[in-house]
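Here is a friendly walk through one protein model, written for someone who likes to check geometry by eye. Please keep the viewer open while you read.

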Amino acid sequence: IGGDAGLSEAGMEYAKRLAAYATEHIGSETVVDEEGNETKKVRPARLWTSTMRRTNETAQFIERTEIETDEDGYGGWVNFRPTARRNLDELYAGTCDGMTYKEIEEHYPSEFKRRQADKLAYRYPRGESYMDVTLRLEPLAHEMERTREPVLIVGHQGILRILYAYFMGLTREEAPYVSIPLNHVIQLTPNAYGCHERRVCLMDKSEMLKDGQDEPVTSMPTLRMSVEGGLNEVDQDPVLNAPSC
């Protein structure tokens, strides 16, 4: 968990697919004229990453283009200009940073049990808890609410869980167990009653297996919302729901 490693071969492939998706679906929109003809138009969009190596490498292929438009406020606008933000950095695991969950269980069994008992409030030794990260993400979430343009966030699972929970109206207790599968784009579109959600898989599980990402999961079981609205324990997909903070 944690660390500041670069991308694997599969990660690089995902980065290229994300770049194509961003250009086609986030940085452009379909406009229909009075005669019903459809044309593609460049749409102003923002790109936010953490300061960590893997998110910057994931965003490296996304095309940056300067937009010429008559709309107010977009003079000299560069689409997908990357902005690295420290409050998007992954939950810091402190003394356990860089260790696997199996190693944490072996070397710090009491810490492992404490985290299992309360994932929300548990703070790694000399590190952070989900509650700590929630506090540092609050100003960013408010900024997102004020932003007019689509925002593409290339982030970490723990961070994206908290942001997802905020915009989908979930409780803090539910946030640490939100499913954020690898190699997916999760699109949240605000509406009158919350957000409309759409998930797009850019890399199939079978392609990820070729890169050795089918290691056994050693982290705790996840929870997710049932149809009735309660939290249910479910088995993790050992590939798409790889362990994270």
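Before we start, please bear in mind that this is a predicted model. The tour begins with one helix, moves on to a small sheet, and then turns to charged pairs and backbone angles.

**Helix 6 and its surroundings**

Helix 6 covers residues 157-168, which makes 12 residues. From its first C-alpha to its last it reaches 16 Å, close to the 16 Å expected at 1.5 Å a residue. Nine of those 12 residues are buried, so helix 6 is largely enclosed by the rest of the structure. The buried set consists of Gln-157, Gly-158, Ile-159, Arg-161, Ile-162, Leu-163, Tyr-164, Ala-165 and Phe-167. Two arginine and glutamine names in that list may catch your eye: Arg-161 and Gln-157 are both buried.

What lies over these buried residues? The cover includes helix 5 (130-146) and strand 7 (151-154), together with strand 8 (184-191) and strand 9 (194-201). Just after helix 6 comes Gly-169, with a positive phi of about 75 degrees.

**A three-stranded sheet**

Strand 7 also takes part in an open sheet of three strands, ordered 6-3-7 with parallel pairing. Strand 6 and strand 7 are the edge strands, each pairing on one side only. From one strand to the next, the twist averages 25 degrees. As general background, strands of a sheet pair through backbone hydrogen bonds, either parallel or antiparallel.

For a closer look, take strand 3 (residues 46-49), which pairs with strand 7 in the parallel sense over four bridges. One place to inspect is Trp-48, whose bridge partner in strand 7 is Ile-153.

**Salt bridges**

How many salt bridges does the model contain? The count comes to 11. Side chains of opposite charge can pair when their charged atoms come close. Three of the pairs are set out below.

| Pair | N to O distance |
|---|---|
| Arg-17 and Glu-207 | 2.5 Å |
| Arg-46 and Glu-149 | 2.8 Å |
| Glu-143 and Arg-85 | 2.8 Å |

Arg-17 and Glu-207 form a salt bridge with their closest N and O atoms 2.5 Å apart. This pair links distant parts of the chain, with Arg-17 in helix 1 (residues 9-26) and Glu-207 in helix 7 (residues 205-209), 190 residues apart. Arg-17 counts as partly exposed at 26% relative accessibility, and Glu-207 is partly exposed too, with a relative accessible area of 27%.

Arg-46 brings us back to the sheet, and its side chain meets that of Glu-149 in a salt bridge. Since Arg-46 lies in strand 3 and Glu-149 in the loop between helix 5 and strand 7, the pair ties together parts that are 103 residues apart in sequence. Arg-46 is partly exposed at 30% relative accessibility, whereas Glu-149 is buried at 8%.

The side chains of Glu-143 and Arg-85 also meet in a salt bridge. Glu-143 sits in helix 5 and Arg-85 in the loop between strand 6 and helix 3 (101-107), so this pair ties together parts that are 58 residues apart in sequence. Glu-143 is partly exposed, with a relative accessible area of 26%, while Arg-85 counts as buried at 18% relative accessibility. Salt bridges that share partners also join Glu-13, Arg-17 and Glu-207 into one network.

**A buried glutamate in helix 4**

Glu-111 lies in helix 4 (residues 109-117). Is Glu-111 buried or exposed? Its relative accessibility is 16%, so Glu-111 counts as buried, the cut-off being under 20%. Its side chain is joined to that of Tyr-122 by a polar contact of 2.6 Å. Leaving aside neighbours within four places in sequence, Glu-111 is in contact with Tyr-122, Arg-123 and Pro-125.

**Two residues with positive phi**

Most residues other than glycine have a negative phi. Phe-80 is not a glycine, yet has a positive phi of about 60 degrees. Phe-80 belongs to the loop between strand 5 (77-79) and strand 6 (82-84), and is buried with a relative accessible area of 2%.

Asn-183 likewise has a positive phi of about 60 degrees without being a glycine. Asn-183 is found in the loop between helix 6 and strand 8, and counts as buried at 14% relative accessibility.

Technical notes:
Residues are numbered from 1 along each chain as its sequence is written. This is a predicted model: local features need pLDDT of at least 70, side-chain atom pairs count only at pLDDT 80 or more; totals for chains, interfaces and linings use all residues. Side-chain values use heavy atoms; hydrogens and water are left out. The expected span of a helix is 1.5 Å times one less than its number of residues. Buried means under 20% relative accessible area, exposed over 50%, partly exposed in between (1.4 Å probe, protein chains only). Contact means heavy atoms within 4.5 Å. A polar contact is a pair of N or O atoms within 3.5 Å; within protein, one must be able to donate a hydrogen and the other to accept it, and residues adjacent in sequence count only if both atoms are side-chain atoms. Two strands pair if DSSP finds at least two bridges between them. Axes are lines fitted to C-alpha atoms, for helices over the stretch in contact, and angles run from 0 to 180 degrees between N-to-C directions. A salt bridge is a side-chain nitrogen of Lys or Arg within 4 Å of a carboxyl oxygen of Asp or Glu.
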